[in-house]
Structures are given as structure tokens and as C-alpha cells.
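Work through these short exercises with the structure open. Try each task before reading its solution.

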Amino acid sequence: MKKNPIARLFSSVYGVLVFTFMYAPIVVLIVFSFNKLKSRGKWGGFTLDWYRALFENDTIMSALWNTLSIALLSSTIAIIVGTMAAIGIFFMNKHWRKVHMNVAYLPVMNADIVTGISLLLVFSVLGIRLGYVSLLLAHVTFNIPYVILSVMPKLQQLEWHTYEAAQDLGASPVQAFFKAVLPELMPGVVTGFLLAFTLSIDDFVISYFTAGAGVSTLSVTIYSMARKGIKPEINALSAIMFVTVLVLLLIINFRNNASQQKKLK
């Protein structure tokens, strides 16, 4: 059934308006990262000074290193623990599986401020000093449920006969898992890793409560700067991060399209 021309025009205009509303602020941010003036409302000419100043700012560079290292480590630990947890939950009976899945949903639905305060109290009771380790543990904690929820659908779609067939052909249980099961779960594992990595970089509330005085992430650093006014270096950093993510997404989509075309051939 063909769409009415007016409806088609309305759909196109609506789509343009939605994407404009979403991405116009990012475009403005990128443009003003090249602004010679510190003003965020007046253009003073093109310059790359803020990008040079960004890499010379030890506070921002330290926060960026902490953010990326914690995001990478917490995501890696989360996919290992989360994948094992998802497999364990999958083989439980129906009643206990439902209970554990509901428990896994709680951190996802819970407010970040509740999770942050709860983790702060736990670290205080256990005598864990607030710093890099406490921040890493906090990020691992809130990333694991997202990995479980990403891997579980792949487990439900998996043909477990391939695991049994691999063992019949002489593979040990461990070899059968890595050769027959893990490749089938990999799309869910990769999705969980990317989701955990993104959430870790984006997190502010939980990091604010669990970082301590000696460690700071980008979100906490930017929040501290916002009281005095956002520096133009932050515009430059945001532009670099946005372009990096965009390039990675394009590469991933290109590879997925290439692999799908190979399968069709």
C-alpha cells in the first residue's frame, strides 16, 4: 500500500526536525571548538588553539585517562563475569531464572543516586578506601546487569546441539564452549561490552560518590568546571570524542554490511 504524498512529506519533515533537534547542539559545539573567542555566542574567527590547550591541560588529560582506563577495565571484567552469570542463570529452573533476572533488572531500573550512595556505604563498611579501585568496582557493578541482559537473548537463540556435537567429536567441555558456544554468543558479548563502555564513560552520579578525592573522571571534572564556566578546551574534547565514536560506528556498520554481502554470495 502506497503512502499518501502528504503523509510522506509530513514523515520526511518530521524526521528532519527530530534529527535537527538531536544533533544541532552537537554541531554548534563542534563549530565553537574552533572559535578564537571564549564566548559561546559570538564567532571571533577560526583557530586550533583550544585543541592545543586541551592536550596541555594536565587536569583534563588525567581525567580522560582515568575515564578511558576505568571504562575499558570495567567493561572487560563485566563481560567476563556477566557472560558467566548469564549462562548460569540460563541453566536454572524456570522459577529461579525468573527471580535472578528480576534481580538483574534492579540496578538497571534503580536511580543512579541510590546505587551511588549504596556503594559508598558498602565501601565504607568493608574498609575500602575511595579511589581508583573503588571507582573501578563501582563501574563493574553497574555494568554487569547490562551484559547479562545483552547475552541472555543470544543464549535463548542458541542451538545447544552444536555443543553436544562438538563433545561427540572429541572436544573437551571447555573446548566445546570456546569453539561452538562462544562464537554464537559473541554478538551479545560485543553489544554488552559497547553498552558497558559507553555507560561507564557517561556515568557521573555513581562516579561522584565513589571516586574519592584523589581520582576524577571527565564527568566529575566537567561538573567542577561548570561552576566557574565551561572552558573552550571541553568543546574541543567533546568534538574529538564525538568524531571518534562516529568513525567507529561507520567502521562497524561497514564491516557488518561487508560480512552480510559475503553471506549472500
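**Exercise 1.** Find the residues that form a nonpolar patch on the surface.

*Solution.* The model is a predicted one. The patch consists of Phe 10, Tyr 14, Val 18, Phe 19, Phe 21, Met 22, Tyr 23, Val 27, Val 31, Trp 43, Phe 46 and Leu 48. Together they have about 1,300 Å² of accessible area. Now take one member, Met 22. Helix α1, residues 5–32, contains Met 22. Its relative accessible area is 43%. Partly exposed covers values between 20% and 50%, so Met 22 is partly exposed.

**Exercise 2.** Classify the aromatic pair of Phe 177 and Phe 178.

*Solution.* The whole structure holds 11 aromatic pairs. In this one, the rings are 5.3 Å apart, centre to centre. Their planes make an angle of 80 degrees. Edge-to-face requires over 60 degrees, so the pair is edge-to-face. Next, check exposure. Phe 177 has 23% relative accessibility and is partly exposed. Phe 178, at 49%, is also partly exposed.

**Exercise 3.** Which residues form one aromatic cluster, and which charged end sits over the ring of Phe 90?

*Solution.* The cluster is made of Phe 204, Tyr 208, Phe 209 and Tyr 223. Over the ring of Phe 90 sits the charged end of Arg 97, 5.4 Å from the ring centre.

**Exercise 4.** Is Ser 200 buried or exposed?

*Solution.* First, place Ser 200: helix α8, residues 173–202. Its relative accessibility is 3%. Buried means under 20%, so Ser 200 is buried. Then look at its contacts. Leaving out residues up to four places away in sequence, Ser 200 touches Ile 70, Ala 71, Ser 74, His 139, Phe 142 and Asn 143.

Definitions and conventions:
Residues are numbered from 1 along each chain as its sequence is written. This is a predicted model: local features need pLDDT of at least 70, side-chain atom pairs count only at pLDDT 80 or more; totals for chains, interfaces and linings use all residues. Side-chain values use heavy atoms; hydrogens and water are left out. Patches are made of residues with over 30% relative accessible area and no salt bridge: like charges are joined within 9 Å, nonpolar side chains (Val, Leu, Ile, Met, Phe, Trp, Tyr) within 5 Å. Accessible areas come from the Shrake-Rupley method with a 1.4 Å probe; for residues, only the protein chains shown count as cover. A salt bridge is a side-chain nitrogen of Lys or Arg within 4 Å of a carboxyl oxygen of Asp or Glu. Helices (H or I, at least four residues) and strands (E, at least two) are DSSP runs, numbered from the N terminus. Buried means under 20% relative accessible area, exposed over 50%, partly exposed in between (1.4 Å probe, protein chains only). Rings of Phe, Tyr and Trp (its six-membered ring) pair if their centres lie within 6.5 Å; planes under 30 degrees apart count as stacked, over 60 as edge-to-face and the rest as tilted. A charge sits over a ring if NZ of Lys or CZ of Arg is within 6 Å of the ring centre and within 35 degrees of the ring normal. Contact means heavy atoms within 4.5 Å.
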